[in-house]
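Welcome! Take a moment to turn the model around on your screen before you read on. This briefing walks through it topic by topic.

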Amino acid sequence: MSVTNKVALVTGAAQGIGRGIALRLAKDGFDLTLVDLKEDKLEEVAKEIAALGRRVTTFAADVSKREDIYAAVDYTEKELGGFDVIVNNAGIAQVKPLAEVMPEEVDRIFRINVDGVLWGIQAAAAQFKQRGQKGKIINASSIAGHDGFAMLGVYSATKFAVRALTQAAAKEYASAGITVNAYCPGIVGTDMWVEIDERFSELTGAAKGETYKKFVEGIALGRAQTPDDVAALVSFFAGPDSDYITGQAVLTDGGIVYR
């Protein structure tokens with residue numbers, strides 16, 4: 001898929017899946033705004049994208065703060081002269097038995113994983129309407145947004161919530177020509193899964209790497225997922241071939257959860 005004169009904003013773009021998405025969209029022809037709190041890593045990704053011949057800019061923002069996301073979208077439009085796609089990718093995980101979860105922990109993960117997506121939806125839709133154009137909103141859910149996983153209960157709840165927001169937003173914005181979809185990764189070999197594996201080790205006594213190995217062994221296609229695998233689906237949602245698809249939360253997990 002290739003596009004011309006299109007601009008995308010990706011949150012959580014400094015590493016992992018977000019970096020993979022940003023690089024794929026750049027290869028597709030998008031100019032990009034990269035959003036994250038990790039400014040040093042953002043600049044590294046920006047250099048990779050510039051080397052591909054695309055225009056790229058960075059914006060430090062906390063996705064849990066509504067004003068930050070609105071500012072990032074406004075900055076993108078002014079700096080790159082357009083705005084066509086937002087990828088609400090930023091998120092965090094939590095591995096903890098439900099009985100031990102504390103209020104402040106629930107508040108933090110919901111502010112990032114759910115509020116951050118909501119603010120992205122709001123800000124993007126407002127900018128699309130202001131520009132009088134169609135647009136695409138793409139949200140990060142998970143296999144944990146289709147099945148609740150033990151020790152990942154609150155995280156799963158946030159990803160179920162993203163699916164609900166995706167469906168509701170798709171219905172509310174369809175008349176404006178705005179599509180809203182979500183991607184649902186599985187076991188991706190990123191820093192987030194290193195942290196998840198380490199936390200499972202602490203809770204269950206499993207050797208480091210054992211939980212990750214166990215999950216990967218349950219994948220029908222026989223290997224762990226890469227950021228590029230996720231980015232391929234996001235590329236489809238960002239491009240014209242998905243123009244007639246909205247309100248969907250598509251699994252991209254190599255065969256773990258089936259719907």
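From end to end, residues 6–186 place their terminal C-alpha atoms 29 Å apart, and this span is 50% helix and 19% strand. UniProt, in an unreviewed entry, labels residues 6–186 as "domain: Ketoreductase". Keep in mind that you are looking at a predicted model. The points below visit a residue flagged in the record, a serine, the open and closed spaces, and a few other residues.

**The residue flagged in the record**

- Which residue carries the label "active site" in UniProt? The unreviewed entry places that feature at Tyr155.
- You can find tyrosine 155 in helix α5, which covers residues 153–173.
- Is tyrosine 155 buried or exposed? Its relative accessibility is 11%, and buried means under 20%, so tyrosine 155 counts as buried.
- Setting aside residues up to four places away in sequence, tyrosine 155 touches Ile92, Ala93, Gln94, Ile109, Asn113, Ser142 and Ala144.

**Serine 141**

- Look next at the loop between β5 (135–140) and α5, where serine 141 sits.
- Serine 141 has a relative accessible area of 4%, so this residue is buried too.
- A polar atom of the serine 141 side chain lies 3.0 Å from the backbone oxygen of lysine 159.
- Lysine 159 also appears among the contacts of serine 141, together with Val162, Arg163, Ala182, Tyr183, Cys184 and Pro185, when neighbours within four places in sequence are left aside.

**The largest pocket**

- Here is a general idea to start with: rolling a probe the size of a water molecule over the atoms shows where empty space is left.
- How much volume does the largest pocket have? The value is about 1100 Å³.
- The largest pocket is lined by 43 residues, and the closest to its centre are Ala90, Gly91, Ile92, Ala93 and Met192.
- Several elements give two or more residues to this lining: α1 (16–28), α4, α5, β6 (178–185) and α6 (191–204).
- Which element gives the most to the lining of the largest pocket? That is α6, with 6 residues.
- By class, the lining of the largest pocket holds 24 nonpolar, 11 polar and 8 charged residues.
- Two names may look familiar here: Ile92 and Ala93 are among the residues closest to the centre of the largest pocket, and tyrosine 155 touches both Ile92 and Ala93.

**The second largest pocket**

- The second largest pocket contains about 300 Å³ of space.
- Its lining is made of 16 residues, with Lys6, Lys134, Lys136, Pro240 and Asp243 the closest to the centre.
- Sorted by class, the lining of the second largest pocket has 5 nonpolar, 6 polar and 5 charged residues.

**The enclosed space**

- How many cavities of 30 Å³ or more are there? The count comes to 1.
- About 30 Å³ of space lies in the largest cavity.
- Around the largest cavity you will find Thr11, Val63, Asn88, Asn89, Ala90, Ile112, Gly116 and Val117.
- Helix α4 (residues 103–131) provides the largest share of this lining, with 3 residues.
- The lining of the largest cavity has 4 nonpolar and 4 polar residues, and no charged ones.
- Ala90 turns up in two places: it is part of the cavity lining, and it is one of the residues closest to the centre of the largest pocket.

**Backbone angles to look at**

- Asparagine 5 has a phi near 55 degrees, a positive value in a residue other than glycine.
- Asparagine 5 belongs to the segment before β1 (7–11), and its relative accessibility of 73% is why asparagine 5 counts as exposed.
- Methionine 151 is not a glycine either, yet its phi is positive, at about 70 degrees.
- You can locate methionine 151 in the loop between β5 and α5, and at 29% relative accessibility methionine 151 counts as partly exposed.

**A pair for a distance check**

- Lysine 47 lies in helix α2 (residues 39–50), and its relative accessible area of 64% makes lysine 47 exposed.
- Lysine 47 and threonine 57 are 10 residues apart in sequence, and their C-alpha atoms are 9.8 Å apart in space.

Note on methods
Residues are numbered from 1 along each chain as its sequence is written. This is a predicted model: local features need pLDDT of at least 70, side-chain atom pairs count only at pLDDT 80 or more; totals for chains, interfaces and linings use all residues. Side-chain values use heavy atoms; hydrogens and water are left out. UniProt positions are given in the numbering used here, feature names are shortened, and annotations may be inferred rather than shown by experiment. Helices (H or I, at least four residues) and strands (E, at least two) are DSSP runs, numbered from the N terminus. Buried means under 20% relative accessible area, exposed over 50%, partly exposed in between (1.4 Å probe, protein chains only). Contact means heavy atoms within 4.5 Å. On a 1 Å grid over the protein atoms alone, a cavity is a set of points where a 1.4 Å probe fits but cannot get out, and a pocket is an open set with protein on both sides within 12 Å along at least five of seven lines; lining residues have an atom within 4 Å of a point. Grid points are joined across faces, edges and corners, and a volume is the space filled by probe spheres set on the points. Ala, Val, Leu, Ile, Met, Phe, Trp, Tyr, Cys and Pro count as nonpolar, Asp, Glu, Lys and Arg as charged, and the others, Gly among them, as polar. A polar contact is a pair of N or O atoms within 3.5 Å; within protein, one must be able to donate a hydrogen and the other to accept it, and residues adjacent in sequence count only if both atoms are side-chain atoms.
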